[in-house]
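Reader: Hi! Could you walk me through this protein model, starting with the basics?
Author: Happy to, here it is.

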Amino acid sequence: INAVNKYALEEYYRLFHKNFGLKASILRLTNIYGPGHLLKHHRLGFIGWFINRALQGEQIQLFGDGEQLRDMLYVGDTVNAILVAAIKTSRDRVATYNIASGKGISLKTIAEELVAFCPQASYTLVPFPDDKKKIDVGSFVGDITKARKELSWQPEVTFKQGIAKTIEYYQKHKDHYL
């Protein structure tokens with residue numbers, strides 16, 4: 001449902017460009033993480049919830065074998081992509097770009113990294129609930145070839161660097177986020 005809604009919005013941008021000359025670029029963002037992310041509940045993405053669990057010394061539950069790949073993008077790289085796209089947006093067309101790291105990292109590796117920074121936390125593998133299995137996307141890694149070529153953009157922060165900055169930030173400010 002989420003993907004269909006996003007695609008419909010992209011089509012509205014194309015329609016408004018064609019009929020009214022709207023200048024726009026479409027940025028398809030992957031799993032953004034970093035300082036400032038809401039951590040209080042799981043409804044706004046898994047990474048904030050995983051960070052929440054780790055900071056509170058709780059167990060992170062991974063469905064299935066935890067080998068599903070996700071494309072994680074640090075918030076600073078996301079902001080840079082938005083700024084570059086805003087500057088380079090053409091009046092001639094509405095271009096669509098995948099803004100991602102272009103690299104997959106397993107949910108299990110993400111949990112292991114979080115536990116390394118928060119040793120009081122742990123993770124466990126649990127069977128995939130039927131309701132979650134129906135909507136899970138499986139593995140996803142974004143193709144950023146077009147963004148590299150047309151925007152001269154690529155991410156600069158590795159997951160390990162970004163998660164270290166993120167955990168450090170929340171350890172200092174967790175009273176405001178947890």
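We will talk about pockets first, then salt bridges.

Author: One note before that: this is a predicted model, where local features need pLDDT of at least 70, side-chain atom pairs count only at pLDDT 80 or more, and totals for chains, interfaces and linings use all residues. Residues are numbered from 1 along each chain as its sequence is written, and side-chain values use heavy atoms, with hydrogens and water left out.

Reader: Cool. How much space lies in the largest pocket?
Author: About 1,800 Å³. On a 1 Å grid over the protein atoms alone, a pocket is an open set of points where a 1.4 Å probe fits, with protein on both sides within 12 Å along at least five of seven lines, and lining residues have an atom within 4 Å of a point. The volume is the space filled by probe spheres set on the points, which are joined across faces, edges and corners.

Reader: And which residues lie nearest its centre?
Author: Asn2, Asn31, Phe46, Arg70 and Val137, out of 40 lining residues.

Reader: Which helix gives the most to that lining?
Author: That is α1, with seven residues. Helices (H or I, at least four residues) and strands (E, at least two) are DSSP runs, numbered from the N terminus.

Reader: Switching topic: how many salt bridges are there?
Author: A search of the whole structure finds seven. A salt bridge here is a side-chain nitrogen of Lys or Arg within 4 Å of a carboxyl oxygen of Asp or Glu. One of them joins the side chains of Arg28 and Glu10, at 2.7 Å from N to O. Arg28 is in strand β1 and Glu10 in helix α1, 18 residues apart.

Reader: Is Glu10 buried or exposed?
Author: Glu10 is buried, at 7% relative accessibility, whereas Arg28 is partly exposed at 36%. Buried means under 20% relative accessible area, exposed over 50%, and partly exposed in between (1.4 Å probe, protein chains only).

Reader: What about Glu113 and Lys160?
Author: Their side chains meet in a salt bridge too, at 3.7 Å from N to O. Glu113 lies in helix α4 (residues 107–117) and Lys160 in helix α7 (residues 159–177), so this pair ties together parts that are 47 residues apart in sequence. Glu113 counts as buried at 17% relative accessibility, while Lys160 counts as exposed at 52%.

Reader: Which residues do shared partners join into one network?
Author: Glu10, Glu11, Arg14 and Arg28, through salt bridges that share partners.
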